[in-house]
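Visitor: Please take me on a close look at one part of this model, the pairing of charged side chains, and show me how it sits in the rest of the chain.

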Amino acid sequence: MEISTELQNVIDCIFKQQLSKALTLLENYLYTYSTQPQALEQLEQLKSDYGLMTDYWQKGFNDPQRTQLYGQLLRRLYVLTTNVAIRRGISSSTYVKTAYTNARSGRKNWSPSGLYRDLEGFVSDMAMLDLEPEHTRQSRQSALYEVHQNMMVNVFDYIWTSRLWNDSVTEAFEDMVLSPTIATIDQQLIVSAITVSLINYFDFNKFRLLMRVYQQTLDEAVRQRALVGWVLGLDSQAAQLYTEVHELIAEAVSDERCRDELTELQMQMIYCLRAESDTRIIQHEIMPELIKNNNIRITHNGIEEIEDDPMEDVLHPERSEQRMEKLEESMRRMIDMQRQGSDIYFGGFSQMKRFPFFQTVANWFVPFYSQHPAVSPILSKTRGRKFLKMLLDNGPFCDSDKYSFILGFEMAVSRLPESLLNMMDRGEATLVGAELGTDNFRSPAFIRRSYLQTIFRFYRVYPSRPYFRDPFDPTGLPRFSFFASPVFQHTALEEKFNQVVAFFLKHEAYNAAMLTLQNYRQELRDVRFYLLNGRVLAKTHNAVNAGLTSAMCYALALKADPENEKVWSGYARTLFASKEYEQSLNLYCRLLERHPDSLNYQLNVAVCLTKLGRHDEALKTLFKLNYEMPDNDNVSRVLAWTLVEVCRYEQATAIYDRLLKSDRPAPDDMLNAAYCHWFQRHVALATKLFRQYAAQEGVQFDAEHEFMTTESVLLRTHGVSTVEIRLMIDQLSS
């Protein structure tokens with residue numbers, strides 16, 4: 001739920017410790033809207049207490065508790081303001097108001113002791129079923145689960161729409177979640193409800209509860225949900241007000257297991273954020289190959305088998321083997337993505353969240369159990385039960401996707417080929433990727449990843465998600481980049497910073513890497529830090545990060561470790577980008593002395609020589625490399641451009657013609673070939689190539705800026721007049 005601008009301004013003042021200003025802003029807000037008289041009474045009490053403290057101070061009395069009292073007033077005002085925001089959110093949204101009202105009308109007794117008693121009572125009732133006659137046991141069990149699930153839906157809605165908790169309510173819910181007499185499914189769902197509430201509005205008591213549960217519970221599923229909950233609910237600004245947050249975190253990360261799990265969690269979050277891009281790879285590259293090389297086709301009537309051509313093996317015996325190899329390669333690629341951490345099922349299952357089941361918020365977070373009233377009838381009667389059981393027991397799906405699969409399977413089963421149904425009945429069918437051992441499913445890492453995928457689906461797919469604050473929103477200080485939070489400074493978790501930043505860089509999460517590097521204290525800035533920061537600046541084209549430029553980073557790293565080749569290489573790239581070609585050349589020459597057979601370093605030396613106008617030296621190296629490796633595209637394109645530089649256009653054109661004949665020509669080759677033809681006055685062909693280049697995915701081509709600024713010197717050097725440039729810009733704009 002979004003907080004109104006007026007109330008957010010109040011909270012910002014509280015975090016800045018501007019108590020008087022915050023009191024005035026909240027008073028203006030309450031009198032403007034005048035819908036919460038009780039809040040006005042509480043505000044008047046706060047103002048009175050603040051006035052007493054001010055009077056006491058003005059009279060010159062020394063109060064050793066003054067700082068503590070001021071902090072307490074700030075906290076009381078934060079609680080009041082946040083509760084006002086929650087009430088405002090409920091009253092201004094039909095969706096939230098419905099959830100709030102239904103929960104409180106669906107259950108009358110919301111005392112923690114009453115809820116505790118009912119949760120324990122359900123466990124007792126289920127245990128007593130063993131004493132029931134067999135012919136009534138099933139119906140009695142179904143009735144119990146249905147009543148209990150309805151109650152848990154109300155519990156979930158009650159928690160996420162609740163105001164900030166006091167100590168007694170917090171302790172009661174903590175006891176429930178840690179109690180061995182309450183079902184783990186209920187405890188997991190309560191933890192998720194607390195998490196959703198905490199993400200919407202920071203509540204120190206809920207945050208502390210999740211941290212305590214994480215540290216004390218013996219149930220791994222509850223423990224991992226609590227970990228994800230307090231991490232996603234962490235608010236760095238609120239931690240300035242509730243300084244105990246720093247103490248709680250420092251204590252938690254002093255444990256090595258916690259540090260390892262936080263590191264894994266940070267990496268898993270990045271894989272979650274890549275789910276949509278991974279889905280595009282699967283949909284556009286992998287699935288077409290799987291379908292093309294399989295013996296099925298998908299029609300509007302369902303899935304149909306394609307009969308094998310009996311003459312295929314006689315006329316083209318190699319095709320069957322090639323098709324199988326491509327099929328296996330596509331399957332291996334998807335499985336490898338999954339093992340590396342990719343969420344390979346997001347794309348498919350995100351389309352299966354339109355069932356009425358997912359209109360209920362609690363159902364997005366409920367752990368999978370086969371007795372859930374929405375799926376137990378399906379599992380008891382649908383064909384392919386062995387197939388379903390195998391997937392549910394052994395498939396690497398998150399809980400949300402398990403429910404989706406069952407609900408979708410019920411609709412699709414009538415359209416499946418009989419042969420496929422028979423395989424399912426025998427338990428012989430499976431899905432791509434459902435091949436991890438069951439031991440993996442019990443590991444803390446898998447439990448955590450599965451739950452994280454469940455949460456990600458909710459915040460990405462749920463139709464009413466705008467009413468919930470998204471922890472995966474990249475604006476501001478993202479909650480998913482929690483390693484960048486200042487609360488982890490001066491803690492034992494700092495030992496993991498380098499590892500996590502390197503991971504961010506590997507997976508192109510450059511903003512997360514930059515934010516985390518800003519979190520390094522001065523004494524942590526070693527050679528590794530300077531290397532990482534230099535790489536981030538080079539990748540993001542930022543001028544400064546953590547108070548350093550890319551060149552400064554590499555210079556400091558070189559000073560600390562003069563013989564580090566990674567420093568030489570990074571520094572050389574940075575100097576080249578800054579057009580310091582002579583210094584860049586010196587470093588590349590040093591690297592080439594150590595690795596004389598390195599093609600990369602030879603090409604870098606040649607490019608530097610070209611930039612310095614030493615074309616003869618560059619061409620000598622490039623012609624030699626081209627003779628030794630005539631099919632190496634990198635050698636060819638560097639040689640081609642060097643030939644353009646010395647006006648040997650025909651030779652360069654021959655090379656570009658070959659490069660552009662490939663299945664997927666590089667966009668830069670199109671651009672450089674266009675310049676080559678333009679310099680030869682092949683205007684029509686140059687125009688065509690410029691247009692093809694501009695049409696490439698990911699290319700942003702501004703002809704005005706390109707020709708008049710970026711490459712103006714190049715064009716003048718090769719005799720292209722200003723009028724010709726204007727004519728080309730006009731052509732490309734039309």
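Guide: Happy to. Let's begin in helix H3, which spans residues 37–58: Lys47 and Glu44 lie 3 residues apart there, so about one helical turn separates them. Please keep in mind throughout that this is a predicted model. The side chains of this pair form a salt bridge, with 4.0 Å from N to O. That value sits right at the cut-off, since a salt bridge is counted when the nitrogen is within 4 Å of the carboxyl oxygen. Both partners are partly exposed: Lys47 has a relative accessible area of 29%, and Glu44 has 34%.

In general, side chains of opposite charge can pair when their charged atoms come close. Here, the count comes to 32 salt bridges.

A second pair has a similar layout along its helix. Glu220 and Arg223 are 3 residues apart in helix H11 (residues 220–233), so they too are separated by about one helical turn. Their side chains meet in a salt bridge at 3.2 Å, N to O. The surroundings of the two partners can be told apart by accessibility: Glu220 is partly exposed at 22%, whereas Arg223 is buried at 7%. The cut-off behind those labels is 20% relative accessible area, under which a residue counts as buried.

This pair also belongs to something wider. Glu220 and Arg223 are linked with Arg257, Glu261, Glu264 and Arg448 in a network of salt bridges.

Now for a pair that reaches across the sequence. Asp260 and Lys496 form a salt bridge in which the closest N and O atoms are 2.8 Å apart. Asp260 lies in helix H14 (residues 256–273), while Lys496 lies in the loop between helix H25 (444–461) and helix H26 (497–506), so this salt bridge ties together parts that are 236 residues apart in sequence. Asp260 is partly exposed, with a relative accessible area of 29%, and Lys496 counts as buried at 13%.

That reach fits into a wider picture of the chain. Among contacts in the protein chain with a separation of 6 or more, 67% are between residues 24 or more positions apart. The secondary structure comes to 40 helices and 2 strands. Of the 734 residues, 49% are buried. The chain exposes about 36,200 Å², of which carbon and sulfur atoms supply 50%.

For the nonpolar side of the story, turn to the largest nonpolar core. It holds 219 residues, and Trp230, Leu262, Phe488 and Phe707 touch the most other members. Helix H7 (residues 134–160) gives this core its largest share, 10 residues. Phe488 is a good place to centre your view: leaving aside residues up to four places away in sequence, Phe488 touches Trp230, Leu234, Ile249, Val253, Leu262, Phe482, Leu493, Glu494 and Phe497. Two of the residues on that list, Trp230 and Leu262, are also named among those touching the most other core members.

One last check concerns covalent links between side chains. A disulfide is a covalent bond between the sulfur atoms of two cysteines. The count here comes to 0 disulfides. As for individual cysteines, Cys13 is buried with a relative accessible area of 6%, and Cys258 is buried too, at 2%.

Definitions and conventions. Residues are numbered from 1 along each chain as its sequence is written. This is a predicted model: local features need pLDDT of at least 70, side-chain atom pairs count only at pLDDT 80 or more; totals for chains, interfaces and linings use all residues. Side-chain values use heavy atoms; hydrogens and water are left out. A disulfide is a pair of cysteine sulfur atoms within 2.5 Å. Buried means under 20% relative accessible area, exposed over 50%, partly exposed in between (1.4 Å probe, protein chains only). Helices (H or I, at least four residues) and strands (E, at least two) are DSSP runs, numbered from the N terminus. Contact means heavy atoms within 4.5 Å. Accessible areas come from the Shrake-Rupley method with a 1.4 Å probe; for residues, only the protein chains shown count as cover. A nonpolar core is a set of buried Ala, Val, Leu, Ile, Met, Phe, Trp, Tyr and Cys residues joined through side-chain atoms within 4.5 Å.
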